Amino acid sequence: MKGLKIKKLSKAMNGLKIVEQVTANFLPGRITALIGPNGAGKTTLFHLITSELKVDKGEIVYGDETITNLPPYLVARKGVGRLFQDIRVFGNMTAFENVATACYGPCFETPWFPFFNLKRMKSINNDIRERAFHWLNFVDLAEKKDHPAASLSYGQQKLLAIARLLAGGFSLLLLDEPTAGLNPVMIKNVLRLLEKIITEDRSKTVILVEHNMGVVNEVADWVYFMNEGRIAFFGRTDHVLGDKEVREIYLGL
Ligand SMILES: Nc1ncnc2c1ncn2[C@@H]1O[C@H](COP(=O)(O)OP(=O)(O)OP(=O)(O)O)[C@@H](O)[C@H]1O
Ligand SMILES: [Mg+2]
């Protein structure tokens, strides 16, 4: 089972230290929350892990492989998947098509593969179809399979984006504010879904960037508190959320 280790990671932009000497460990089978005020560097840390931004200094190790500054498509192939702060689904494709296109296929080693492997193509297509239905069902969107993604509610689009991540077979899930902008009922749905993901597959590692402390309290096992680019505090959820400094800096209490 693969965990994520971040070692002394630093990133400056325009002369500003955005991420500074961040060291953190994320364990498989666990949901770890990354919290902190606006501008703390949480999303930037995700950009660094997925290589959308280049690391200045430090190391990122997933499982036993160093993934620091690999091209983003190779980081994705190592199992690193990301849910963006703004949802990114294909609005004019149906919910089913959105998930089907995210299914990781073993084929297409060459462009002419489909022409010479018709039989195998058929079985691959059936397999993808089955898997797409499975994940749509998993996030409770089976009824919406033929609806264009753009016609779904904001919350349903988030569920769809999560279904795409699951269909992609990623083992490390970087979730940037999955409950932001959702109504309380939908927040509950997402919470149940996160718990289901981790209990059904203990090899998955989930990192959750979240501003809603109720959500963190309910699903996170461990919490990193980030402030001004640094990890200021780390510990068990109740311990971090109960800390005086965290409450003062972040919760304004
Ligand atoms: N491309 C960039 N160039 C310069 N500075 C940037 C760039 N992107 C982000 N920043 C700065 O980096 C800091 C950290 O931003 P980041 O988006 O990582 O914060 P965050 O913790 O995700 O905040 P939020 O909770 O509001 O999403 C902010 O001060 C932001 O203005
Ligand atoms: Mg952010």
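The expected span of a helix is taken as 1.5 Å times one less than its number of residues. In this predicted model, helix α6 covers residues 154–167, and its 14 residues should therefore span 20 Å at 1.5 Å a residue. The C-alpha atoms at the two ends of α6 are 20 Å apart, in agreement with that value.

Helix α6 is mostly covered, with twelve of its 14 residues buried. These are Q156, Q157, K158, L159, L160, A161, I162, A163, R164, L165, L166 and A167. An α-helix has 3.6 residues a turn, so residues three or four places apart point the same way. The packing partners of the buried residues of α6 comprise two strands, β6 (80–83) and β7 (172–176), together with the helices α3 (95–100), α5 (118–138) and α7 (184–200). Just after α6, a positive phi of about 70 degrees is found at G169.

The loop between α7 and β8 (205–209) contains D201. A residue is classed as exposed if 12 or fewer other C-beta atoms lie within 10 Å of its own. D201 has 12 C-beta neighbours inside 10 Å and therefore counts as exposed. Along the chain D201 and S171 are 30 residues apart, while their C-alpha atoms are separated by 9.1 Å.

Four strands form an open sheet in the order β2-β1-β4-β5, with antiparallel pairing. Strands β2 (16–26) and β5 (65–66) lie at the edges, each pairing on one side only. Helix α1 packs on this sheet, where it touches β1 (4–13), β2 and β4. The direction of α1 makes about 70 degrees with that of β2. At the β5 edge, strand β4 (residues 57–62) runs antiparallel to β5 and is joined to it by two bridges. In one of the bridges, V61 is partnered by T66 of β5.

Helix α1 (residues 42–49) also contributes to the surroundings of ligand 1, supplying three residues, the largest share of the shell. The residues around the ligand are M13, N14, I18, G36, N38, G39, A40, G41, K42, T43 and T44. By class, seven residues of this shell are polar, three are nonpolar and one is charged.

Notes:
Residues numbered from 1 in each chain as written. Chains lettered and ligands numbered in written order. Predicted model: local features only at pLDDT ≥ 70, side-chain atom pairs only at ≥ 80, totals over all residues. Near = placed C-beta within 6 Å. Nonpolar A, V, L, I, M, F, W, Y, C, P; charged D, E, K, R; others polar. Pairing = 2+ DSSP bridges. Contact = placed C-beta atoms within 7 Å. Axes fitted to C-alpha atoms, helices over the stretch in contact; angles between N-to-C directions. Buried ≥ 20, exposed ≤ 12 C-beta atoms within 10 Å, placed from the backbone.
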